[in-house]
Amino acid sequence: MALRTLASKNALSFALGGAARPSAASARGVTTVALPDLSYDFGALEPAISGEIMRLHHQKHHATYVANYNKALEQLDAAVAKGDASAVVQLQGAIKFNGGGHVNHSIFWKNLKPISEGGGEPPHGKLGWAIDEDFGSFEALVKRMNAEGAALQGSGWVWLALDKEAKKLSVETTANQDPLVTKGASLVPLLGIDVWEHAYYLQYKNVRPDYLNNIWKVMNWKYAGEVYENVLA
């Protein structure tokens with residue numbers, strides 16, 4: 001993800017999803033995040049995901065998480081400078097929610113790929129073998145993730161995770177914009193599916209299972225396989 005450095009001296013670091021977000025303690029300023037570019041056009045995932053949804057999802061929702069996260073970091077920097085412990089504690093919720101929204105969506109965009117570029121092609125190689133071993137088959141994994149995503153109450157995410165210590169795959173869900181790391185420090189996200197209504201409602205209305213069935217047509221398994229192999233290398 002792109003980073004815009006404002007200052008970074010005598011930094012106070014906050015870990016979110018494995019990425020440090022330093023805030024300067026003496027040279028005032030913070031290290032903020034920027035909205036990442038997509039590697040494909042908004043309409044490139046149609047008909048699985050409409051161009052209108054992709055444009056609003058990226059340009060409005062993700063952009064809002066970025067703006068609010070950066071604002072919270074700047075407020076945190078000021079609170080630390082003043083020694084205002086109450087304000088520091090109060091800001092943690094905004095940092096977790098908006099920072100998590102940025103982390104999760106930055107992964108989500110990489111998890112998707114146009115069909116013309118290989119999106120939807122099932123996993124091969126080491127990840128493919130691991131899926132067969134841990135879930136019985138690729139079809140069983142898809143069925144499990146669809147069921148978990150459909151059953152998740154309210155808003156959140158369903159993940160294909162790698163436990164890098166146990167070297168096992170698992171399906172996990174997180175509420176709201178909680179990043180996967182909140183479920184366990186050893187969990188690495190390979191695929192994440194956004195099941196907030198803003199990810200599908202304009203196209204699929206309230207039928208979340210249809211969205212979950214169709215998103216696999218544009219899933220970027222090559223990216224997931226690369227992450228899997230890099231973590232276990």
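A residue is called buried here when its relative accessible area is under 20%, and the exercises below apply that cut-off to a predicted model.

**Exercise 1.** Determine which residues of helix H7 are buried and which elements cover them.

*Solution.* Start with the extent of the helix: H7 runs over residues 221-232, and its twelve residues reach 17 Å from the first C-alpha to the last, close to the 16 Å expected at 1.5 Å a residue. Next, apply the cut-off, which gives Trp221, Tyr223, Ala224, Gly225, Val227 and Tyr228 as buried residues of H7. Finally, look at what lies against these buried residues: the cover includes the helices H2, H3 (125-135) and H4 (138-151), together with the strands S7 (156-163), S8 (168-175) and S9.

**Exercise 2.** Classify the ring pair formed by Phe138 and Trp221, and state where in the chain its two members sit.

*Solution.* The structure holds nine aromatic pairs. In the one made by Phe138 and Trp221, the ring centres are 5.5 Å apart and the planes meet at 75 degrees, so the pair is edge-to-face, the cut-off for that class being over 60 degrees. The pair links distant parts of the chain, since Phe138 belongs to helix H4 and Trp221 to helix H7, 83 residues apart. As for accessibility, Trp221 is buried at 4%, whereas Phe138, at 22%, counts as partly exposed.

**Exercise 3.** Compare the end-to-end distance of helix H2 with its expected span, and locate its bend.

*Solution.* The 26 residues of H2 (residues 85-110) should span 38 Å at 1.5 Å a residue, and the end C-alpha atoms are 37 Å apart, which agrees. The helix nevertheless bends by about 30 degrees at Leu91.

**Exercise 4.** Examine the residues that UniProt lists under "binding site", and describe how His57 and His198 are placed.

*Solution.* The unreviewed UniProt entry lists His57, His105, Asp194 and His198 under this feature. Although they span 142 residues in sequence, no two of their C-alpha atoms are more than 12.3 Å apart, so they gather at one spot. His57 is in helix H1 (residues 51-82) and is buried, with a relative accessible area of 1%; its contacts beyond four places in sequence include His105, Asp194 and His198. His198, by contrast, lies in the loop between strand S9 (187-194) and helix H5 (201-204), and at 18% it is also buried. Among the contacts of His198 outside its sequence neighbours are His57, His105 and Gln177, and the side chains of His198 and His57 make a polar contact at 3.2 Å.

Methods
Residues numbered from 1 in each chain as written. Predicted model: local features only at pLDDT ≥ 70, side-chain atom pairs only at ≥ 80, totals over all residues. Heavy atoms only, no water. UniProt positions renumbered as here; feature names shortened; annotations may be inferred. Helix = DSSP H or I, 4+ residues; strand = E, 2+ residues; numbered from the N terminus. Buried < 20%, exposed > 50% of the residue type's maximum accessible area, 1.4 Å probe, protein only. Contact = heavy atoms within 4.5 Å. Polar contact = N/O pair within 3.5 Å; in protein donor to acceptor, adjacent residues only side chain to side chain. Expected span 1.5 Å × (residues − 1). Bend = angle between axes of the 7 residues up to and from the residue. Phe/Tyr/Trp six-rings, centres within 6.5 Å; stacked < 30°, edge-to-face > 60°.
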